[in-house]
Amino acid sequence: MIDIRNPFMEDKEKKEKEPSETIMAAICTLNTHQFSDLIHSLSLEFRRHHHHLCSLLRSSTRFPLALHHLQTISLHQKALLIARYFLSTLTHLTRFFKTSSSFLKLNLSDLDAALLLMLLCEVHQQEPQALQGSPAEWHIGLNDYVMRSSLLTLAGLGESSSTVLTPYVDLTIKCRRFLDAAGCGDEMVREVAASVAAVVALPSVEINGCGVECVICREEMREDREMCELPCEHLFHWMCMLPWLKKRNTCPCCRFQLPTDDVFGEIQRLWGILVTKSGMES
Ligand SMILES: [Zn+2]
Ligand SMILES: [Zn+2]
């Protein structure tokens with residue numbers, strides 16, 4: 001039975017592929033050079049994170065610090081930490097689709113906390129007995145798990161595309177599930193401001209000819225005034241567009257999304273780009 005409160009649901013279910021299919025279809029749109037570039041950057045990243053995690057688990061100072069940090073931050077802050085990790089994962093692929101993200105990579109202490117948190121979640125699900133004893137002793141069981149885990153050691157086995165793509169697709173599936181769990185899975189509901197950097201970078205253009213209407217105020221644009229142009233090439237009065245972008249990151253005409261400083265909104269935007277790309281492949 002169709003949920004009458006959400007008329008988009010039936011359409012969405014028909015159109016949106018499984019997360020793994022979306023990612024693979026988006027990857028299939030890359031040319032050979034871009035594909036090997038992606039494999040190389042993912043391989044480097046996975047190895048870096050693997051070494052980072054191993055050294056964290058063996059360190060008598062970093063491990064207790066990261067664990068203490070995780071014990072003191074709120075659930076929301078933990079979700080943000082994981083979201084920023086997933087966001088950095090997605091940008092490995094979306095950077096090929098002419099989009100940039102204003103989010104910086106995690107600093108080393110945040111990366112410690114994010115990798116440890118993800119590992120704790122995984123071990124809690126797979127081998128909860130490894131987390132017996134006091135938290136200070138967890139590093140023994142965690143270290144042992146990482147050594148045995150094929151998922152995390154795959155990155156050390158070489159640079160073939162499948163040994164890198166399999167864990168990458170798994171990560172992006174987790175990212176999509178995380179977005180759904182955080183209540184941001186539906187593109188229609190979340191409204192976030194455009195990022196300040198993206199707004200500052202918008203070009204000012206002069207228009208040629210009359211008769212073009214700004215859809216926000218419904219007034220005609222005059223030739224002697226500079227207009228704001230969005231990347232989708234739609235034009236608006238600056239005075240109309242700036243307040244609009246303080247509340248939403250979408251074009252009022254075509255719903256093109258500008259980058260946002262909201263982590264969940266940004267993951268949602270990048271995911272939307274992948275969904276669009278994956279549709280182009282078929
Ligand atoms: Zn206007
Ligand atoms: Zn537009």
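Donors of a metal ion are taken as N, O and S atoms within 2.8 Å of the metal. In this predicted model, the zinc ion (ligand 1) has its donors in C214 (SG), C217 (SG), H237 (ND1) and C240 (SG). Their distances are 2.1 to 2.4 Å. The four donor atoms subtend angles of 94 to 120° around the zinc ion (ligand 1), so the arrangement is tetrahedral. Along the sequence, the spacing of these donor residues is C-x2-C-x19-H-x2-C. C217 sits in the loop between β1 (204-206) and β2, and C240 belongs to helix α11. The pair is 23 residues apart and links distant parts of the chain. C217 is partly exposed, at 28% relative accessibility. C240 is buried, at 14%; the cut-off for buried is under 20% relative accessible area.

A second site holds the zinc ion (ligand 2). Its protein donors are C232 (SG), H234 (ND1), C251 (SG) and C254 (SG). They lie 2.0 to 2.3 Å from the ion. Here the donor atoms subtend angles of 107 to 112°, which makes this arrangement tetrahedral. The donor residues follow the spacing C-x1-H-x16-C-x2-C. H234 is in the loop between β2 (226-229) and β3 (235-237), while C254 is in the loop between α11 (238-247) and α12 (263-281). The pair therefore ties together parts that are 20 residues apart in sequence. H234 is partly exposed, with a relative accessible area of 27%. C254 is also partly exposed, at 38%.

The largest nonpolar core contains 59 residues. Y85, F86, L93, L116 and L142 have the most contacts inside this core. Two or more residues come from each of α2 (19-28), α3, α4 (62-72), α5, α6, α7 (138-148), α9 and α12. The most come from α6, which gives ten residues.

Open space was examined next. The second largest pocket holds about 860 Å³. Its lining is made of 30 residues. F86, M118, E122, L171 and K174 are the closest to the pocket centre. F86 is thus named both here and among the core residues with the most contacts. The elements that give two or more residues to the lining are α3 (32-58), α5 (75-94), α6 (108-126), α8 (150-153) and α9 (161-181). By residue class, the lining of this pocket has 20 nonpolar, five polar and five charged residues.

Conventions: Residues numbered from 1 in each chain as written. Chains lettered and ligands numbered in written order. Predicted model: local features only at pLDDT ≥ 70, side-chain atom pairs only at ≥ 80, totals over all residues. Heavy atoms only, no water. 1 Å grid on protein atoms, 1.4 Å probe; cavity = no way out; pocket = protein on both sides within 12 Å on 5 of 7 lines; lining within 4 Å. Points joined across faces, edges and corners; volume = space filled by probe spheres on them. Helix = DSSP H or I, 4+ residues; strand = E, 2+ residues; numbered from the N terminus. Nonpolar A, V, L, I, M, F, W, Y, C, P; charged D, E, K, R; others polar. Donors = N, O, S within 2.8 Å, 3.2 Å for Na, K, Ca; no water. Tetrahedral: all angles 85-135°; square planar, octahedral: opposite > 155°, others 65-115°. Buried < 20%, exposed > 50% of the residue type's maximum accessible area, 1.4 Å probe, protein only. Core = buried A, V, L, I, M, F, W, Y, C linked by side-chain atoms within 4.5 Å.
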